Amino acid sequence: MTVSESAAMIANPIFLVGSERSGTTLLRLMLNFHPQITWLNEFEYAVTMMDDQNNPPALADYYEWLSTHRIFQMSKMTIDRTLDYPALVNDFLRQRKETFNKPIIGATVHHHFDRLPAIWPEAKFIHIVRDPRDVSRSCVVKGWAGNVWNGLDRWVKAEAIWDKLGPLLPDDRKLEVRYQDLIADNRAVMDQVCDFIGVEYSPEMMDYVHTTDYGLPDPKLVQGWQRKLSPREIQLVEERVGDKMVERGFSLSDYEKIELSPLDRLRLNAQNWFAKVSFKVKRYGLGIFIGDFVTRKLGLRQLNRSYKLKINQIQISQLKKSW
């Protein structure tokens, strides 16, 4: 392959964006099993190191960062050091297309996805949104937060980014998908998604159940918060994001609205910090947790690298099979 071929920009990739725990994995699996589509998981590594003005990182720093990035390392991508930054991250998409020999490429991005148009100005976006009461509960279960108040952080950030990016996109380059609709009427939603992408619906999209740990869309996963959150937890979520929920089309509960004092917020944040630390110590062991923390804070890159790689291996061992 010539340098010009590897550097040729993909004109209109498709990006699936939204908060983690919003159904991105399920939708990504279905799309990836379409005979004409291949999909990259968690493509944040294309934009995370760009700054808020969309300036790219120094390539040497980027190469080093990727060397311990779990998702990138699992992708088995190669780094072409002859390319500049935009061409390099574009080449990751090209490698995926070439590996699976499919004409359409997409990728999931949860963070900083407003930076993507700086590299792919004609990209299309599928925005998926899920009830934040379910998202926050799921983030607590994953160990990412110690309570539902702080479990909202990812949802709040992702929706704020979409509020910034969405209005800048023409209608033919954006599609809104609600998780509960994807579950309740999967065929209708996937017809709409396929039409947006420009392909016919294929029943092969459901074949992911044969090679992954994920089952078919389950209506029990919709509005699980009604069964699994306490009244107080529901009130906490609605106190923080109630207005945004209504804006996104979610109905509020009948519970009385509450207001939190500064002391209440302090207690929630303290609980969140303690719970996250406890979770990491339990998962990684005290030695790895302290070693990673100290070497990061002291800027000891080479020592920290070894701890990051150990953490990566533990995380990989506990992942659900999703390919």
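**Overall size.** I started with the radius of gyration of this predicted model. The protein chain has 21 Å, and a compact globule of 323 residues would be near 20 Å, so the two agree. I then looked up the box that the C-alpha atoms fill, and along the principal axes it is roughly 65 × 50 × 40 Å.

**Make-up of the chain.** I went through the secondary structure next and noted 15 helices and five strands. Of the 323 residues, 47% are buried. I also checked how far apart in sequence the contacting residues lie. Taking contacts between residues at least 6 apart, I found that 75% join residues at least 24 apart.

**Surface and charge.** For the accessible surface of the protein chain I wrote down about 16500 Å². Carbon and sulfur atoms account for 53% of that surface. Then I turned to the charges: there are 44 positive and 41 negative ones, and their mean positions lie 8 Å apart.

**Helix 3.** Which residues of helix 3 are buried? I looked along residues 59–66 and found Tyr62, Tyr63 and Leu66. They sit on the same side of helix 3, because the arc they cover around the axis is only 100 degrees. A reminder to myself: an α-helix has 3.6 residues a turn, so residues three or four places apart point the same way. My next query was what covers these buried residues of helix 3, and the cover includes helix 4 (70–75) and helix 5 (85–100).

**Two backbone oddities.** I picked out Glu42, which is not a glycine and yet has a positive phi of about 45 degrees. Where does Glu42 sit? I traced Glu42 to the loop between strand 2 (37–40) and helix 3. Its relative accessibility is 25%, so I logged Glu42 as partly exposed, given that buried would need under 20%.

Gln223 also went into the notebook: its phi is positive, about 55 degrees, although Gln223 is not a glycine. I found Gln223 in the loop between helix 10 (186–197) and helix 11 (225–228). With 39% relative accessibility, Gln223 counts as partly exposed.

Definitions and conventions:
Residues numbered from 1 in each chain as written. Predicted model: local features only at pLDDT ≥ 70, side-chain atom pairs only at ≥ 80, totals over all residues. Heavy atoms only, no water. Buried < 20%, exposed > 50% of the residue type's maximum accessible area, 1.4 Å probe, protein only. Helix = DSSP H or I, 4+ residues; strand = E, 2+ residues; numbered from the N terminus. Arc of directions from axis to C-beta. Contact = heavy atoms within 4.5 Å. Rg over C-alpha atoms; globule rule 2.2 N^0.38 Å. Areas by Shrake-Rupley, 256 points an atom, 1.4 Å probe, with all protein chains shown as cover. Lys, Arg positive; Asp, Glu negative; His and termini not counted. Charge placed at Lys NZ, Arg CZ, Asp CG, Glu CD.
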